[in-house]
Amino acid sequence: MTGRILLVVLSLAVAATAQAPYSSFRNEGADFLGPATVSVGLDTVRISVVLPGTGVAAQALRTGVELAITDANLRQTGPTLVAILRGDDGPWSSAAAAAVHLVREAGAMALLAGPDGGRAHACELVAAKLWVPVLAPVAADHTIDYANVPWMFRLGPDDRQQLSVLLDHAHKQGWNRLVWIGADERDSHIAEATARRLAAAMGDMMVTDDPQVADAMLVWGSVDAAPDLLAAAGRLAAGRPLLGPWMLAAGSGPSANQALHICVPAGKGGMLPI
């Protein structure tokens with residue numbers, strides 16, 4: 001009885017003090033709300049990049065960051081931007097230790113993680129304690145921001161957005177049975193589960209494992225897996241169209257007589273199938 005009375009009193013106290021939230025993210029994006037890390041008059045701002053040590057995607061990300069920082073330093077009058085590149089081919093969870101070292105020891109004021117979702121997610125979990133913003137420029141894994149850290153910023157479309165566009169495009173073309181062909185990668189496994197769930201929700205769409213009954217092939221994997229993945233998909237497709245994420249097009253393309261349908265970011269946050 002005493003416990004029940006206490007619960008009622010606490011409920012009444014909460015109701016009496018209830019008020020409108022001080023901020024809402026419904027109509028506005030989330031900003032970095034942590035303490036300022038850039039002192040007035042600072043000459044340089046260090047941005048750490050956590051990425052694999054080898055691979056096509058890692059090299060492309062490394063080159064892109066270097067070009068972007070060079071261009072930004074030429075155009076701006078503020079502090080000079082400096083990239084600290086940390087390559088690591090160990091398990092993706094090792095990215096967390098790398099992120100801690102880069103922030104605590106190397107003085108990084110922001111983290112850029114990728115290209116895979118594992119590294120981006122690991123950096124997000126660390127950022128919750130380090131109070132530094134994290135940018136994920138290309139990772140499509142929609143689970144990388146499940147920790148709801150407000151200063152985690154995804155710059156590209158996630159797998160749910162891309163798959164929604166691709167499935168809608170396939171439906172309009174009459175391709176209602178899609179066979180899944182995915183790389184043995186964490187991001188691909190997550191995308192497969194998402195694709196099956198979205199297709200089932202559409203009612204007359206199906207993601208199957210049987211290429212004999214498929215109208216088209218849904219191919220998913222990283223840039224580094226693209227050559228072998230697309231070659232295998234092309235052999236199974238036998239002239240049927242291939243659909244895949246936009247990053248897949250950065251790898252080795254299919255044969256000249258094989259159509260690859262991807263979706264690309266459009267204006268106002270939209271996506272277009274091409």
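Tutor: Before we start, a contact here means heavy atoms within 4.5 Å. Keep in mind, too, that this is a predicted model.

Student: Thanks! With that in hand, what share of the contacts in the chain with a separation of 6 or more comes from residues 24 or more positions apart?

Tutor: Let's begin with the chain as a whole, which has seven helices and twelve strands. Among its contacts with a separation of 6 or more, the share from residues 24 or more positions apart is 63%.

Student: And how much of the chain counts as buried?

Tutor: The accessible surface comes to about 14,700 Å², with 58% of that belonging to carbon and sulfur atoms. To count as buried, a residue needs a relative accessible area under 20%. Of the 274 residues in the chain, the part that passes is 40%.

Student: Let's turn to helix H2. How far does H2 reach from its first C-alpha to its last?

Tutor: Helix H2 covers residues 56–75, which is 20 residues. At 1.5 Å a residue, the expected value is 28 Å. The reach in the model is close to that, at 29 Å.

Student: Are the buried residues of H2 on one face of the helix or spread around it, and within what arc do they fall?

Tutor: The buried residues of H2 are Ala57, Ala58, Leu61, Val65, Ile69 and Ala72. Looking down the axis of H2, you find them lining one face, because they fall within an arc of 95 degrees.

Student: Which residues are exposed on the other side of H2, and which strands does the buried side pack against?

Tutor: On that other side, the exposed residues are Val56, Leu67 and Leu74. As for direction, H2 lies across S1, S2 and S3, and runs at about 170 degrees to S2. The buried residues of H2 pack against S1 (44–51), S2 (80–87) and S3 (110–113).

Student: Those strands sound like a sheet. Which strands stand at its edges?

Tutor: Five strands form an open sheet with parallel pairing, in the order S2-S1-S3-S4-S5. An edge strand has a single partner, so one side of it is left without a neighbour in the sheet. The strands in that position are S2 and S5 (152–154).

Student: Within that sheet, what is the bridge partner of leucine 112 in S4?

Tutor: S3 and S4 (residues 134–136) run parallel and are joined by two bridges. For leucine 112, the partner in S4 is leucine 135.

Student: Helix H4 packs on this sheet as well, I see. Is histidine 121 of H4 buried or exposed?

Tutor: H4 touches S1, S3, S4 and S5, and its direction makes about 160 degrees with that of S3. Histidine 121 lies in this helix (residues 117–130), and beyond residues up to four places away in sequence, histidine 121 touches Thr143, Ile144 and Arg186. The cut-off for burial is under 20%. At 16% relative accessibility, histidine 121 therefore counts as buried.

Student: What about arginine 86: what is its relative accessible area?

Tutor: Arginine 86 has its place in strand S2. Leaving out residues up to four places away in sequence, arginine 86 touches Val49, Val50, Leu51, Ala98, His101 and Leu102. Arginine 86 is partly exposed, and its relative accessible area is 31%.

Student: Now for helix H7. Why do its buried residues sit on the same side, and what arc do they cover?

Tutor: H7 (residues 226–237) has end C-alpha atoms 15 Å apart, which agrees with the 16 Å that its twelve residues should span. The buried residues of H7 are Ala226, Leu229, Leu230, Ala233 and Ala237. They are put on the same side of H7 because they cover an arc of only 90 degrees.

Student: Which residues are exposed on the other side of H7?

Tutor: The buried residues of H7 pack against S6 (177–182), S8 (216–220), S9 (242–243) and S10 (260–261). Across from them, on the other side of H7, the exposed residues are Asp228 and Arg235.

Student: Last one: how many residues of S8 are buried?

Tutor: S8 pairs with S6 in the parallel sense over five bridges, and two bridges join S8 to S9, also in parallel. Both faces of S8 are covered, with Ala216, Leu218 and Trp220 on one side and Met217 and Val219 on the other. The number of buried residues in S8 is five of its five.

Notes
Residues numbered from 1 in each chain as written. Predicted model: local features only at pLDDT ≥ 70, side-chain atom pairs only at ≥ 80, totals over all residues. Heavy atoms only, no water. Helix = DSSP H or I, 4+ residues; strand = E, 2+ residues; numbered from the N terminus. Buried < 20%, exposed > 50% of the residue type's maximum accessible area, 1.4 Å probe, protein only. Areas by Shrake-Rupley, 256 points an atom, 1.4 Å probe, with all protein chains shown as cover. Expected span 1.5 Å × (residues − 1). Arc of directions from axis to C-beta. Pairing = 2+ DSSP bridges. Axes fitted to C-alpha atoms, helices over the stretch in contact; angles between N-to-C directions.
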